[in-house]
Amino acid sequence: RRRILFRAQVILATCTGAGESSLENAVRAGAHFDVVIVDEAAQALAPLVLIALLKAANARVALFVGDDRQLPPTIRSQNALRMTPLFDWSMFSRAQAASKLTQTNFALRMQYR
């Protein structure tokens, strides 16, 4: 697995899958990632996205792809919502709010489905 991870030009993983031990071991051994793309980021909570981002701490680009007008993050624990302010605020929403300062968010005008 380690040899495969070092030779691969593209590695796909879910946010939680990015925390898998073989990927963790490859990062410790010096593997690095130039770009991190988080799909469905409008539904992804910060703790999940941080798993992927921490594996690629030296990445040049973090790209969040999603539609903030579709499904929001799913949170099953009402206690978590009450105890943690902004817990239901997705990383996409956080990045979108921050990008209003830097003008780096883009919206597609047409979808192909």
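## Overall layout

The secondary structure here comes to 5 helices and 2 strands. Keep in mind that this is a predicted model. Going along the sequence, you meet the elements in the order α-α-β-α-β-α-α. If you draw a box around the C-alpha atoms along the principal axes, it comes out at roughly 40 × 40 × 30 Å.

Of the 113 residues in the protein, 22% are buried. Among contacts with a separation of 6 or more, 67% are between residues 24 or more positions apart.

## Surface and charge

The protein has about 9,000 Å² of accessible surface, and carbon and sulfur atoms account for 55% of that. As for charge, there are 14 positive and 8 negative side chains. Take the centre of each set, and the two centres sit 4 Å apart.

## The second largest pocket

Now for a look at one of the pockets. The second largest pocket holds about 720 Å³ of space. It is lined by 25 residues, and those closest to its centre are Ile-11, Leu-12, Val-35, Val-36 and Ile-37. Three elements give two or more residues to this lining: α1 (2-7), β1 (35-38) and α3. Strand β1 provides the largest share, with 4 residues.

## Lys-55, in helix α3

Helix α3 covers residues 46-55, and Lys-55 belongs to it. Is this lysine buried or exposed? Lys-55 has a relative accessible area of 15%, so it counts as buried, given that the cut-off for buried is under 20%.

What does Lys-55 touch, once you leave aside its neighbours within four places in sequence? Its contacts are Ala-18, Gly-19, Glu-24, Val-27 and Phe-33.

## The loop between β1 and α3

Two residues are worth a look in this loop. One of them is Glu-40, which is found between β1 and α3. Its phi is positive, at about 55°, even though Glu-40 is not a glycine. For context, most residues other than glycine have a negative phi. Glu-40 counts as partly exposed because its relative accessibility is 42%, and that class runs between 20% and 50%.

Ala-42 is found in the loop between β1 and α3 as well. Ala-42 counts as buried because its relative accessibility is just 8%. Not counting residues up to four places away in sequence, Ala-42 touches Val-65, Gly-66, Asp-67, Asp-68, Leu-71, Pro-72, Pro-73, Ser-90 and Phe-92. Arg-60 is a separate case: it is 18 residues from Ala-42 in sequence, with 21 Å between their C-alpha atoms.

## The loop between α3 and β2

Past helix α3, you come to the loop that leads to β2 (61-64), and Ala-57 lies in that loop. Is Ala-57 buried or exposed? With a relative accessibility of 60%, Ala-57 is exposed, since the cut-off for that class is over 50%. Ala-57 and Ser-21 are 36 residues apart along the chain, and their C-alpha atoms are separated by 17 Å.

## Putting the residues side by side

To recap, Lys-55 in α3 is buried at 15%, and Ala-42 in its loop is buried at 8%. Glu-40 is partly exposed at 42%, whereas Ala-57 is exposed at 60%. Helix α3, which holds Lys-55, is also one of the elements that give two or more residues to the lining of the second largest pocket.

Conventions: Residues numbered from 1 in each chain as written. Predicted model: local features only at pLDDT ≥ 70, side-chain atom pairs only at ≥ 80, totals over all residues. Heavy atoms only, no water. Buried < 20%, exposed > 50% of the residue type's maximum accessible area, 1.4 Å probe, protein only. Contact = heavy atoms within 4.5 Å. Areas by Shrake-Rupley, 256 points an atom, 1.4 Å probe, with all protein chains shown as cover. Lys, Arg positive; Asp, Glu negative; His and termini not counted. Charge placed at Lys NZ, Arg CZ, Asp CG, Glu CD. 1 Å grid on protein atoms, 1.4 Å probe; cavity = no way out; pocket = protein on both sides within 12 Å on 5 of 7 lines; lining within 4 Å. Points joined across faces, edges and corners; volume = space filled by probe spheres on them.
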